[in-house]
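Q: Please take me through a close look at one part of this surface, and then go on from there to the charged pairs and the loops. I am new to this, so plain steps would help.

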Amino acid sequence: MLTRAGRSLTARVIVLSSLWAVLALAVAGGLISSLYAQTAEKGFDDLLTAQLYNLVNSVGIGANGFLSGSPDLGDLRYVQPLSGWYWEVLPASENTRGRLSSGSLGILSIPQVSTAEAPFDPAYRRSYEIPGLDGETLKVMETEVVLDAENHAARFRVMGNASVLAAEMARFDRTLTLYLGAVGLGTVLVNVLAILFGLRPLGEVRRALSRVRTGRAERLTGRFPSEIEPLAVELNALIDNNRRIVERSRTQVGNLAHSLKTPIAVLVNEAEAVGGERGRIIADQSERMRQQVQHYLDRARVAAQSEGAVFRTPVLPVLERLARVVAKLNPHLELEFDAADAGELVFAGEQQDLEEILGNLLENAGKWATGRVRLGASAISPERLAIVVEDDGPGLSEAEIAVATKRGRRLDEAVPGSGLGLSIVSDMVAEYRGTLGFGRSTLGGLRAEIALPRALGSLAA
């Protein structure tokens, strides 16, 4: 299952682009380092080869077949002791005598590698590496040359400090790594900034949708890039379509209510005319029919509203108004109204629905309370609010709560009512994707708590 970061388009693009930048720079760094090493090694070999030929041209055969000459290779390192740069001329035939060497080598000697380990090439040259006199590694360029018509032959050896070359290449690699690392870091930062800037309009769309969802705006507004503008247009069209659905539902609800109002009134009048037990039954069933019709009409309206635009209702004025009504209808009850936390609460729904929910809960509490009713509201989270209604009545067991929330079921037939109150509350809360819970109140009776969607921001936002 993907994590939140793995589902993020921004994270994916940043990670992939950063990995590609790092990989590209690593490959480029490897190629540059390899090309530099090849060039440096070739230059080193070319230098030794040129100095070898210079040495060959500076040596000849003197009296009695002795090697003679004063080679000057034009490099002070050949005269500095143990510099790692040496040259040496040795006899290569029986009729050749003597030995010539650079001042840096003096009477010392550098071992030779057998021709089996480093054979001569067709031009009668060979090269190999060997440990030097001061712990360095020497690159030896060697050839054998016949110096005159009498077949006096000599072996010419020029040796360069290969450790200096290796150190130079390592220093180049460190410098290259430093610069490529800086370039890579800059590239990643630029990529991140470019991606965040490029995807910023998606955040604007999300915030615009949030304003629509919380009721602070009716449409997506703002200037969007050409790639996102069609999406904004389609979303606005969807919002407009949902709004038309809501209005059409309202119209149909009104038409249905109007069409049923007269037949139900006729039934009530006929019940009064019939009188007696039969009249009472007809009147009672007509009233139940009216309440059932109203209940389902309310559910249809709430369902249509929940799929359309979001309404906003301040909670405190509704609580205050219902508290006054309960106080007037039940003068014998003491109403405790805790509005300290309700001032900033805004219900994400219609005022009529909130009044219907709370009205049924307060009506039920007023019926069963013996002396006290408590009403309060508070915020659960940025998206939810809670409203609590408590009384000091007999309360309900879990089995009785299950019965009371069934449509048309009444625990006490002696108490007036249709048995629809708690059922209506349960259904309407469910339509708003809220929750309804019952428990034992600290007052001794029933505690009813509902959680409903909360709209953020003030109504002026």
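A: Let's start on the surface: in this predicted model, W20, L23, V27 and L31 make a nonpolar patch of about 450 Å². One of these residues, W20, is found in helix α2, which covers residues 9-57. How exposed or buried is W20? Its relative accessibility is 59%, and the cut-off for "exposed" is over 50%, so W20 counts as exposed.

Now for the charged side chains. The structure holds 18 salt bridges, and we can visit three of them in turn.

In one of them, the side chains of E88 and R99 meet, with a distance of 2.9 Å from N to O. E88 sits in strand β3 (residues 86-91), while R99 sits in the loop between β3 and β4, so this pair ties together parts that are eleven residues apart in sequence. The two partners can be placed by their accessibility as well. E88 has a relative accessibility of 0%, so it counts as buried. R99, at 34%, counts as partly exposed.

Next comes the salt bridge between R126 and E142, whose closest N and O atoms are 2.9 Å apart. Here R126 belongs to strand β5 and E142 to strand β6, and the pair links distant parts of the chain, 16 residues apart. Both R126 and E142 are buried.

A further salt bridge joins the side chains of E336 and R372, at 2.2 Å from N to O. This pair also links distant parts of the chain: E336 lies in strand β9 (residues 334-338) and R372 in strand β11 (residues 372-381), 36 residues apart. With a relative accessibility of 21%, E336 counts as partly exposed. R372 is partly exposed too, with a relative accessible area of 30%.

Some of these bridges belong together. Salt bridges that share partners join E88, R99, R126, E142, E144, R155 and R157 into one network. You have already met E88 and R99 as one pair, and R126 and E142 as another.

Let's finish with the loops. Which residues have a positive phi although they are not glycines? Y124 is one of them, with a phi of about 60°, and N151 is another, with a phi of about 60°. Y124 is in the loop between β4 (100-101) and β5 (125-131). It has a relative accessible area of 40%, so Y124 is partly exposed. N151 is in the loop between β6 (137-146) and β7 (153-161). Its relative accessible area is 52%, so N151 is exposed.

One more loop residue is worth a visit. S441 is in the loop between β13 (435-440) and β14 (446-453). Is S441 buried or exposed? Its relative accessible area is 4%, so S441 is buried. Leaving aside residues up to four places away in sequence, S441 touches E390, D391, L446 and R447.

Key. Residues numbered from 1 in each chain as written. Predicted model: local features only at pLDDT ≥ 70, side-chain atom pairs only at ≥ 80, totals over all residues. Heavy atoms only, no water. Helix = DSSP H or I, 4+ residues; strand = E, 2+ residues; numbered from the N terminus. Buried < 20%, exposed > 50% of the residue type's maximum accessible area, 1.4 Å probe, protein only. Contact = heavy atoms within 4.5 Å. Patch = residues over 30% accessible without salt bridge, like charges linked within 9 Å, V, L, I, M, F, W, Y side chains within 5 Å. Areas by Shrake-Rupley, 256 points an atom, 1.4 Å probe, with all protein chains shown as cover. Salt bridge = Lys/Arg side-chain N within 4 Å of Asp/Glu carboxyl O.
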